[in-house]
Amino acid sequence: MDLENQLAIAIDGPAAAGKSTVAKKVAHQLGYVYIDTGAMYRALTWCALQKELDLEDEAGVHHLLMECDILLKMEQDGQRVYVNEEDVTQAIRTQEVTNQVSLVAKHRKVREEMVQRQQKLAKKRGVVMDGRDIGTHVIPDAEVKIFMSASVEERAERRHKENLKKGFPSNLEELMDEIRRRDEIDSKREVAPLLKADDAVEIDTTSLSIDEVVERIIAVVKKNG
Ligand SMILES: Nc1ncnc2c1ncn2[C@@H]1O[C@H](COP(=O)(O)OP(=O)(O)OP(=O)(O)O)[C@@H](O)[C@H]1O
Ligand SMILES: Nc1ccn([C@@H]2O[C@H](COP(=O)(O)O)[C@@H](O)[C@H]2O)c(=O)n1
């Protein structure tokens, strides 16, 4: 599909709602660039854990961020993530990073810097960006805003199936706890909490397939494009 007017599409929602899966497909159909902002917070968390920083130390974590060049690069096998030229694509998906990333993401100074970097990436439009504050803070003037939700049981079940398929150890109850905990920290933080933008279209994906969600978003894009 060639949408002559290059739009910015903001997709927000809680953990494991299907944002990145759907965002990648929407970007592919439109010939747009996909930007995974969660990967940026994960990359910083990975770095901070490597350096054994206190994750509650806002100044320390912010200082580290200023020394980190975080690069999201689309390659043949999908999006890869680099920190100061080191490939951290796999390393940022570990349970250790997942369990701690929300602590790093709650710091005001960290968010201010991340938002600036993300706004630069979205400047040229023709982007699908997913995260928690894209429609509210990063691209408040995005032409299309989507808020994806699904029941916590469904989200945990989907992640469980994904883990088993990849041969990773997985426990459904633990996944449900981790998702609930991450959503709670992300929703209750003072700075740019996870929130549906007033003008976002909400899609409850609990009983929808991936392709049905993609279709609905493309329909919203066509209406606004
Ligand atoms: N509508 C859907 N129906 C069934 N499975 C889905 C659907 N959407 C996504 N999934 C599956 O759910 C899992 C989680 O999706 P995904 O990683 O895209 O979520 P996310 O919102 O980006 O998560 P996170 O915020 O934790 O990064 C994946 O295995 C994906 O294939
Ligand atoms: N715009 C964003 C994106 C992400 N976060 C934080 O990063 C965590 C990991 O995100 P994933 O999408 O990879 O799961 C997420 O739980 C948030 O803490 C954010 O704050 N803002």
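**Close-up views of a predicted model**

**View 1. The annotated span, from end to end.** In this predicted model, the C-alpha atoms at the two ends of residues 9-222 lie 12 Å apart. Helix makes up 52% of that span and strand 17%. The stretch comes from an unreviewed UniProt entry, which annotates residues 9-222 as "domain: Cytidylate kinase".

**View 2. The surroundings of ligand 1.** Here you can look around ligand 1, which has 17 residues about it. The closest are Gly 18, Ser 20, Thr 21, Arg 158 and Glu 162. Three elements give two or more residues to this shell: helix H1 (19-30), helix H7 (152-166) and helix H9 (210-224). By character, the shell holds six nonpolar, seven polar and four charged residues.

**View 3. The largest nonpolar core.** Nonpolar side chains tend to be buried together in soluble globular proteins. The largest such core in this model has 37 residues, and Ile 9, Val 26, Val 128 and Met 129 touch the most other members. Among the elements supplying at least two residues each are strand E1 (8-12), strand E6 (127-131), helix H8 (172-188) and H9. H1 gives the most, with five residues.

**View 4. A closer look at Val 26.** Leaving aside residues up to four places away in sequence, Val 26 touches Ile 9, Val 128, Val 214, Ile 217 and Ile 218. Two of these partners, Ile 9 and Val 128, appeared in the previous view alongside Val 26 as members that touch the most others.

**View 5. A second core.** Separate from the first, this core has 21 residues. Met 40, Cys 47, Leu 65 and Val 83 are among them.

Conventions. Residues numbered from 1 in each chain as written. Chains lettered and ligands numbered in written order. Predicted model: local features only at pLDDT ≥ 70, side-chain atom pairs only at ≥ 80, totals over all residues. Near = placed C-beta within 6 Å. Helix = DSSP H or I, 4+ residues; strand = E, 2+ residues; numbered from the N terminus. Nonpolar A, V, L, I, M, F, W, Y, C, P; charged D, E, K, R; others polar. UniProt positions renumbered as here; feature names shortened; annotations may be inferred. Core = buried A, V, L, I, M, F, W, Y, C linked by C-beta atoms within 7 Å. Buried ≥ 20, exposed ≤ 12 C-beta atoms within 10 Å, placed from the backbone. Contact = placed C-beta atoms within 7 Å.
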